[in-house]
Amino acid sequence: MADKVICVTSGKGGVGKSTVTANVATALALKGYKVVAIDADIGLRNLDLVLGLENRIVYDLVHVVEGVVPPEKALVKDKRTKNLYLLPAAQTKDKSAVKPEDLVKIVEELRDKFDFIFIDSPAGIEEGFKTAVTPADTIIVVANPEMASIRDADRVIGLCEAMQKSEPKLVINRIDPKKVARGEMLDVDDVLQILGLDLIGIVPEDPNMVAYINRGEPAVLFQESVAGRALRNVAERLLGKEVPFDELKQQGEGLLDKLKKLFGSG
């Protein structure tokens, strides 16, 4: 697999970047791929919380950089998915503790041991972003369908171009069809027209997502989750599979539509 190191980033904080990282990494691990998720958000880690692994951390990324332990010894094995591992960020250091060349070296040490390496980037466009993006083969930009998020994502795309990275792929997260219909939120076509990226995911607003995160349970573990289904689709597209972008159509189905499908008359 040529594109096995995937950096998930965003311009704006709070758009669901770590949630996308945790869920897509989990979805690939559930399919049998060996996956490691590296939290590069030094000082503000939360990938461990989304995966429910916060109490199992002994060593972190900075310990690896400082030579205290090798990368393998700092990995935290996921509780639910046997092929998934977390390399957590340090909580008490700042982003200057890990330089781009440090992360490149760690990724190269792990590259042959895993099918996919995810890097959860800090939000923003400062030093931590550049460190996280440097080792990546593929970059996924996560944006919410609102102008502040789109504007910051556009800035990130420009920086990726300046770093001569391949064109990022786009996940539009937390889109609410009802708000789009009322003109209160940008729709998918609006976002694509502004950013001009290839789309790899459309994640609908899911009323259960906060509960999943609070319990440290990725949404992809739940078949009934609309966001979980959308994030499983992102994983399938990363594998090169043709998956229709019907996430919003599925969410908008009413009871009559579901009954028609159930009884084969739809």
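**Strand E2, its sheet and the helices packed on it**

In this predicted model, strand E2 sends Val35, Ala37 and Asp39 out one way and Val36 and Ile38 the other way, and all of these residues are buried. Put in terms of the strand, E2 covers residues 35–39 and is mostly covered, with five of its five residues buried.

E2 has partners to go with that. Strand E4, made of residues 84–87, runs parallel to E2 and is joined to it by four bridges. One of the matched pairs here is valine 35 with leucine 84, its bridge partner in E4. Strand E5, residues 116–120, also pairs with E2 in the parallel sense, this time over five bridges. In that pairing, alanine 37 sits opposite phenylalanine 118 of E5.

Zooming out, these strands belong to an open sheet of eight, laid out in the order E3-E4-E2-E5-E1-E6-E7-E8, and the pairing is mixed. The edges are taken by strand E3 (76–77) and strand E8 (198–204), each of which pairs on one side only. Elsewhere in the sheet, strand E1 (residues 5–9) lines up with strand E6 (residues 138–143) in the parallel sense, over four bridges. Valine 8 faces isoleucine 140 of E6 in this pairing.

Helices come next. Helix H1 packs on the sheet and touches E1, E2, E4, E5, E6 and strand E7 (169–175). The direction of H1 makes about 170 degrees with that of E5. Helix H11, which spans residues 226–238, lies across E1, E5, E6, E7 and E8, and runs at about 165 degrees to E8.

One residue of H1 is worth a closer look. Helix H1 takes in residues 17–30, and asparagine 23 is found there. Is asparagine 23 buried or exposed? Its relative accessible area is 1%, and because the cut-off for buried is under 20%, asparagine 23 counts as buried. Its side chain has polar company all the same: a polar atom of the asparagine 23 side chain lies 2.7 Å from the backbone nitrogen of alanine 219. The side chain of asparagine 23 also reaches the backbone nitrogen of valine 220, at 3.0 Å. Leaving aside residues up to four places away in sequence, asparagine 23 touches Pro218, Ala219, Val220 and Leu231.

Technical notes:
Residues numbered from 1 in each chain as written. Predicted model: local features only at pLDDT ≥ 70, side-chain atom pairs only at ≥ 80, totals over all residues. Heavy atoms only, no water. Buried < 20%, exposed > 50% of the residue type's maximum accessible area, 1.4 Å probe, protein only. Helix = DSSP H or I, 4+ residues; strand = E, 2+ residues; numbered from the N terminus. Pairing = 2+ DSSP bridges. Polar contact = N/O pair within 3.5 Å; in protein donor to acceptor, adjacent residues only side chain to side chain. Contact = heavy atoms within 4.5 Å. Axes fitted to C-alpha atoms, helices over the stretch in contact; angles between N-to-C directions.
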